[in-house]
Amino acid sequence: MAALLLLGAGGHARVVAETALATGRFSSIAFLDDRRSGSDQLPDPLGWPVIGPFSAAFDPQIRHQFPEALVATGKAAVRLQWLPRLAAAGYELPAVIHPTAWVSPSSQLGAGSVVFAQAAVQSQAVIGSGAILNTGCSVDHDVQLGNGVHICPGARLAGGVQVGDR
């Protein structure tokens with residue numbers, strides 16, 4: 001099992017962490033968050049540590065300890081800014097899919113995207129990098145989603161829908 005580094009430690013990051021754990025693929029998780037400083041440190045979410053600010057992702061020790069990373073913030077601009085930086089630093093950017101979600105084998109899911117519980121991605125849908133397919137949403141056949149798109153909980157996209165970046 002692998003170790004996963006998450007950039008962000010807010011509510012969205014906690015859902016990403018729990019989704020990653022549910023896959024059975026990750027044995028340890030740590031968070032980076034720019035809000036962590038001195039005596040005003042964030043509590044350790046879910047028992048996993050907040051180990052520093054986003055920039056700590058470039059620390060060789062952290063990079064060695066965590067081969068995979070995701071940007072776990074709801075802000076699309078931040079996700080799209082950090083994903084290429086993490087890739088350039090050598091991190092793998094997994095797509096994380098909750099075990100209760102359905103993702104068609106003919107669909108494509110971009111790097112660093114997350115698919116939460118009970119979401120559905122149907123035939124030949126193309127999902128960009130850094131996308132969030134939130135709880136219980138459905139993305140039907142031939143949908144094309146750009147990078148950094150967030151499909152809200154329970155939203156339904158009919159076949160052939162196209163959504164641009166962010």
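A cavity is a set of grid points where a 1.4 Å probe fits but cannot get out. With that in mind, welcome to a set of close-up views of this predicted model.

**Figure 1. The largest cavity holds about 30 Å³ of space.** A search through the whole structure turns up 1 cavity of 30 Å³ or more. Rolling a probe the size of a water molecule over the atoms shows where empty space is left. Which residues line the largest cavity? They are His-12, Val-16, Val-71, Arg-79, Gly-112, Val-114, Gly-130, Ala-131 and Ile-132. Sorted by class, this lining has 5 nonpolar, 3 polar and 1 charged residues.

**Figure 2. The largest pocket has a volume of about 150 Å³.** Here we look at an open space, with 13 residues lining the pocket. Closest to the centre of the pocket are Asp-33, Arg-35, Thr-73, Gly-74 and Lys-75. The lining of the largest pocket divides into 5 nonpolar, 5 polar and 3 charged residues.

**Figure 3. The largest nonpolar core brings together 18 residues.** Leu-4, Leu-6, Val-16, Ile-29, Phe-31, Leu-70 and Val-114 have the most contacts inside this core. Two or more residues come from each of β1 (2-7), α1 (11-22) and β2 (26-32). Which element gives the largest share of the core? That is α1, with 4 residues. In soluble globular proteins, nonpolar side chains tend to be buried together.

**Figure 4. Val-16 touches several residues from other parts of the sequence.** Not counting residues up to four places away in sequence, the partners of Val-16 are Leu-6, Leu-70, Ala-72, Val-114 and Phe-116. You have met Val-16 already, as one of the residues that line the largest cavity. Apart from the core that holds Val-16 lies another core, of 17 residues, which includes Ala-3, Leu-32, Ile-62 and Phe-66.

**Figure 5. Strand β1 is mostly covered, with 6 of its 6 residues buried.** Follow the side chains along β1: Ala-2, Leu-4 and Leu-6 point one way, while Ala-3, Leu-5 and Leu-7 point the other way, and all are buried. Does β1 run parallel or antiparallel to β2? The two strands run parallel and are joined by 6 bridges. Within this pairing, Leu-4 of β1 stands opposite Ile-29 in β2.

**Figure 6. β1 also pairs with β3, in the parallel sense.** This pairing of β1 with β3 extends over 4 bridges. Leu-6 has Leu-70 as its bridge partner in β3. Strand β3 covers residues 68-71, with Glu-68 and Leu-70 pointing one way and Ala-69 and Val-71 the other way. All four of these β3 residues are buried.

**Figure 7. An open sheet has 4 strands in the order β6-β9-β12-β15.** The pairing in this sheet is parallel. Which strands form the edges? They are β6 (108-109) and β15 (162-163), each of which pairs on one side only. Between β6 and β9 (residues 126-127) there are 2 bridges. Leu-109 stands opposite Ile-127 in β9.

**Figure 8. Gly-110 sits in the loop between β6 and β7 (114-115).** Is Gly-110 buried or exposed? Gly-110 counts as buried because its relative accessibility is 13%, and the cut-off for buried is under 20%. Leaving aside neighbours within four places in sequence, Gly-110 is in contact with Ala-95, Ile-127, Gly-128 and Ser-129. Gly-130 is 20 residues away from Gly-110 in sequence, yet the C-alpha atoms of the two are 6.8 Å apart in space.

**Figure 9. His-98 lies in the loop between β4 (96-97) and β5 (102-103).** With a relative accessibility of 17%, His-98 counts as buried. Beyond its neighbours within four places in sequence, His-98 is in contact with Thr-19, Ala-22, Val-115, Phe-116 and Ala-117.

**Figure 10. Pro-53 is found in the loop between β2 and α2 (60-65).** Pro-53 is partly exposed, because its relative accessible area is 33%. Which residues does Pro-53 contact, leaving aside neighbours within four places in sequence? They are Leu-32, Asp-33 and Asp-34. Pro-53 and Asp-33 are 20 residues apart along the chain, and 4.6 Å separates their C-alpha atoms. Asp-33 appeared earlier too, among the residues closest to the centre of the largest pocket.

Methods. Residues numbered from 1 in each chain as written. Predicted model: local features only at pLDDT ≥ 70, side-chain atom pairs only at ≥ 80, totals over all residues. Heavy atoms only, no water. Core = buried A, V, L, I, M, F, W, Y, C linked by side-chain atoms within 4.5 Å. Buried < 20%, exposed > 50% of the residue type's maximum accessible area, 1.4 Å probe, protein only. Contact = heavy atoms within 4.5 Å. Pairing = 2+ DSSP bridges. 1 Å grid on protein atoms, 1.4 Å probe; cavity = no way out; pocket = protein on both sides within 12 Å on 5 of 7 lines; lining within 4 Å. Points joined across faces, edges and corners; volume = space filled by probe spheres on them. Nonpolar A, V, L, I, M, F, W, Y, C, P; charged D, E, K, R; others polar.
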